[in-house]
Amino acid sequence: MINGEKIIIFSTMDFYDLPTRKQKIALRLSENNKVLYLEPPETYLSFFAGKKYKNNKKIKINDSLYVLKLPYILPFGLRFWIINLLNSILIERYLNKWLKKTNFNDYILWLYLIDFPYLYKKLKYKYVVYDCVDDHSSYGGLRSKSFVNKCERIVAKNSNIIFTTTEELKNKLYKYNSNIYVVCNGVDIDFFKVENVHLLDNLKEIKKPIIGYFGAIKNWFDASVVSLAAKEFKDVSFVLVGPYNENIKDKLRELKNVYLLGSKPYDLAPSYIYAFDVCLIPFIINELTLNVSPLKLYEYFSFGKPVVTIPIRELLRYSNLLYIYSNKSEFIDCIDKALKENDISLKEKRSLIAKENSWNEKFNFMFDKISSDLNS
């Protein structure tokens, strides 16, 4: 285990977003170490568009975990090196004030955000972990794919150890750093169990069967297949739980059997998923989504639920337990088969897969590898 260390996590997600590997790692590390979790910066374009920080002060989560929002930066920092360098200087000055105030030194640098390779080189760390959970170059926006790849290459070369969520990501980075391990996403088995389930008021009036999704409903979510299925299966309810974009709402608002419930506390995730008869991973098919390790799969599998999903490469090893589609007609067929499933052994096999992918085992593996390096 890692004990008595100071750790700075550069994250790609705000701490109070729907919890993923990043927040879970931070909380677990804070049990035996002091952790500073840095939320990603917004550009000044967001500022002038009215997306202003509600709070940019350091927030105390527990006695050993603090969250700090990085300052606004210039746009196009992932296109032009001069802007990237200026942004690195902005963040370095901002961060150093906090580090000096709190005597936070000789720390482990834990990276999810690869945007500032020159900043990371200047920080006074003792060890660098790069936990690669996405193909960063596949994201859109104001970024250059080649620029992002170069940033990641520098980060990979300067890391002491790398973890990836998929074999594909490992293969991409191995040529830059051979101290690399695949650790796919997992699930909190003690949290996703029947004892934590209760009947939810907003589901009482929704007709069964329910086809459901729990997670962020953003640009990667394929509303068109959900719309098609809702029209095809008029006697089935489609319940979508999570923060959503307005354009998603526009595509689904006319469908009476689609329920967009919005953001719900993560504590309710077991209750929602338990209520679903079929669970969805309905992402738009592209290189980004095909290379993810969706932690929601293991959350769904905790209750043995049938899952309809795109052909995510990391999930193909479970193809005998999934309903996999590559186009809209296959999606309809998969929904139909999943609704008719009556093989109890499939449920038992899925639950076993979830137990084999507990966060505890995965985090222990990662921490042991780092601890071994630090003590060698």
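**View 1. Pro-209 sits in the loop between strand 8 (180-182) and strand 9 (210-214).** Everything here comes from a predicted model, so keep that in mind as you zoom in on the backbone. What is the peptide bond from Lys-208 to Pro-209, cis or trans? That bond is cis, with omega near 0 degrees. The loop holding Pro-209 leads to strand 9 at 210-214, and strand 9 turns up again in the sheet of View 4.

**View 2. Phe-76 and Asn-103 both carry a positive phi without being glycines.** Start with Phe-76, whose phi is about 70 degrees. You'll find Phe-76 in the loop between strand 4 (65-69) and helix 3 (81-102). How accessible is Phe-76, then, and what class does that give? Its relative accessible area comes to 35%, so Phe-76 counts as partly exposed. Now move along to Asn-103, where phi is about 55 degrees. Asn-103 is in the loop between helix 3 and strand 5.

**View 3. Strand 1 (residues 6-10) pairs with strand 2 and with strand 5.** Strand 1 is largely enclosed by the rest of the structure, because 4 of its 5 residues are buried. Strand 2 (residues 34-39) runs parallel to strand 1, and 5 bridges link the two. Pick out Ile-9 and you'll see its bridge partner in strand 2, Tyr-37. Strand 5 (residues 107-111) is parallel to strand 1 as well, with 4 bridges between them. Here Ile-7 is a handy marker, as its bridge partner in strand 5 is Ile-108. Which way round does the chain go from strand 1 over helix 1 to strand 2? Those three elements form a β-α-β unit that is right-handed.

**View 4. Six strands build an open sheet with parallel pairing.** Reading across the sheet, the strand order is 11-10-9-12-13-14. Strand 11 (258-262) and strand 14 (323-324) are at the edges with a single partner strand each, so one side of each has no neighbour in the sheet. Further in, strand 12 (residues 278-281) and strand 13 (residues 307-309) run parallel and are joined by 3 bridges. For a reference pair, look at Leu-280, which stands opposite Val-308 in strand 13.

**View 5. Cys-132 and Cys-151 are buried, and neither is in a disulfide.** How many disulfides does a search of the whole structure find? The count is 0. Why is there no bond at Cys-132? The closest cysteine sulfur belongs to Cys-151 and is 13 Å away, too far for a bond. Checking from the other end, the closest cysteine sulfur to Cys-151 is the one in Cys-132, again at 13 Å. Cys-132 has a relative accessible area of 0%, so it is buried. Cys-151 also counts as buried, at 0% relative accessibility.

**View 6. The second largest pocket encloses about 340 Å³ of space.** Its lining takes in 15 residues. Which of them lie nearest the pocket centre? Those are Lys-24, Asp-188, Trp-359, Asn-360 and Phe-363. Helix 1 (21-29) and helix 14 (359-374) each put at least two residues into this lining; helix 1 is the helix of the β-α-β unit in View 3. By residue type, the lining splits into 7 nonpolar, 6 charged and 2 polar.

Methods
Residues are numbered from 1 along each chain as its sequence is written. This is a predicted model: local features need pLDDT of at least 70, side-chain atom pairs count only at pLDDT 80 or more; totals for chains, interfaces and linings use all residues. Side-chain values use heavy atoms; hydrogens and water are left out. On a 1 Å grid over the protein atoms alone, a cavity is a set of points where a 1.4 Å probe fits but cannot get out, and a pocket is an open set with protein on both sides within 12 Å along at least five of seven lines; lining residues have an atom within 4 Å of a point. Grid points are joined across faces, edges and corners, and a volume is the space filled by probe spheres set on the points. Ala, Val, Leu, Ile, Met, Phe, Trp, Tyr, Cys and Pro count as nonpolar, Asp, Glu, Lys and Arg as charged, and the others, Gly among them, as polar. Buried means under 20% relative accessible area, exposed over 50%, partly exposed in between (1.4 Å probe, protein chains only). Two strands pair if DSSP finds at least two bridges between them. A crossover is right-handed if, with the strands pointing away from the viewer, the path from the first strand over the helix to the second runs clockwise. A disulfide is a pair of cysteine sulfur atoms within 2.5 Å.
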